[in-house]
Amino acid sequence: GEDHTNSTGIVLVLYNAFHQRFKPVYALLKNYPARFLGCSIVSAIDGFANTPADLFKIKFMQEAHHLTSSEVSLTVLLSGLVAFASFSFAGKLSDKYGRKSFIVLFKILLPLGVAAYYNTPG
């Protein structure tokens, strides 16, 4: 009795949270299927292209640049802080010049940056 009621309540809470979180995605799919498909394709390409580079960056820093674990941790921490600080600045610029142009710009710059990261000596 009581276990069934608790599990049903948990399922309802999870369903409602899931439904609320993905409501905009469903609306996009329903109202703009071509745009949804385009966003999905760009997201998939982005994930397949950037995930391996992101996963192997720490191993690369240790093996190619001979950094210790603490040096890698410091590098990742500092670069994360710089990235976090730059979000506000980039947001203001995208408000001024348009979000689409900034997305396109950074989608072009990202693979160039990854290529430079993995091919810069020393």
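This report describes the helices, the pockets and a few individual residues of a predicted model.

**Helix packing around α3**

Helix α3 covers residues 33–64, while α4 spans 69–97 and α5 spans 99–119. Where α3 packs against α5, the angle is about 30° and the axes lie 11 Å apart. Because angles under 35 degrees count as roughly parallel, α3 is roughly parallel to α5. In this pair, α3 passes α5 in a left-handed crossing.

The packing of α3 with α4 has an angle of about 135°, and here the axes are 10 Å apart. These two helices are therefore oblique to each other, and the crossing of α3 and α4 is right-handed.

**The two pockets**

The largest pocket holds about 1000 Å³ of space, and the second largest pocket holds about 240 Å³. The lining of the largest pocket is made up of 27 residues, and those that lie nearest its centre are Ala83, Ser86, Phe87, Phe106 and Leu110. Each of the helices α3, α4 and α5 supplies at least two residues of this lining. By residue class, the lining of the largest pocket divides into 15 nonpolar, eight polar and four charged residues.

For the second largest pocket, the lining consists of Arg35, Gly38, Cys39, Val42, Lys100, Ile103, Val104 and Lys107. The elements that give two or more residues to this lining are α3 and α5, the pair of helices whose axes lie 11 Å apart. By class, the lining of the second largest pocket comprises four nonpolar residues, one polar residue and three charged residues.

**Individual residues and their accessibility**

The table lists four residues with their places and their relative accessible areas.

| Residue | Place | Relative accessible area |
|---|---|---|
| Asn6 | helix α1 (residues 2–21) | 44%, partly exposed |
| Leu28 | helix α2 (residues 23–31) | 26%, partly exposed |
| Asp54 | helix α3 (residues 33–64) | 46%, partly exposed |
| His66 | loop between α3 and α4 | 66%, exposed |

His66 belongs to the loop between α3 and α4, the two helices that pack at an angle of about 135°. Its backbone has a positive phi of about 55°, although His66 is not a glycine. Since a residue counts as exposed when its relative accessible area is over 50%, His66, with 66%, falls in the exposed class.

Asp54, which is found in helix α3, has a relative accessibility of 46% and therefore counts as partly exposed. Asp54 is 60 residues from Val114 in sequence, yet the C-alpha to C-alpha distance between Asp54 and Val114 is 8.9 Å.

Leu28, found in helix α2, is partly exposed because its relative accessibility is 26%. The C-alpha atoms of Leu28 and Cys39 are 9.9 Å apart in space, and 11 residues separate Leu28 and Cys39 in sequence. Cys39 is also one of the residues that line the second largest pocket.

Asn6 is found in helix α1, and its relative accessible area of 44% makes Asn6 partly exposed. Between Asn6 and Leu29 there is a sequence separation of 23 residues, and the C-alpha to C-alpha distance between Asn6 and Leu29 is 33 Å.

Definitions and conventions. Residues numbered from 1 in each chain as written. Predicted model: local features only at pLDDT ≥ 70, side-chain atom pairs only at ≥ 80, totals over all residues. Heavy atoms only, no water. Helix = DSSP H or I, 4+ residues; strand = E, 2+ residues; numbered from the N terminus. Buried < 20%, exposed > 50% of the residue type's maximum accessible area, 1.4 Å probe, protein only. 1 Å grid on protein atoms, 1.4 Å probe; cavity = no way out; pocket = protein on both sides within 12 Å on 5 of 7 lines; lining within 4 Å. Points joined across faces, edges and corners; volume = space filled by probe spheres on them. Nonpolar A, V, L, I, M, F, W, Y, C, P; charged D, E, K, R; others polar. Axes fitted to C-alpha atoms, helices over the stretch in contact; angles between N-to-C directions. Parallel < 35°, antiparallel > 145°, perpendicular 65-115°, else oblique. Left-handed = near helix turned anticlockwise from the far one by under 90°.
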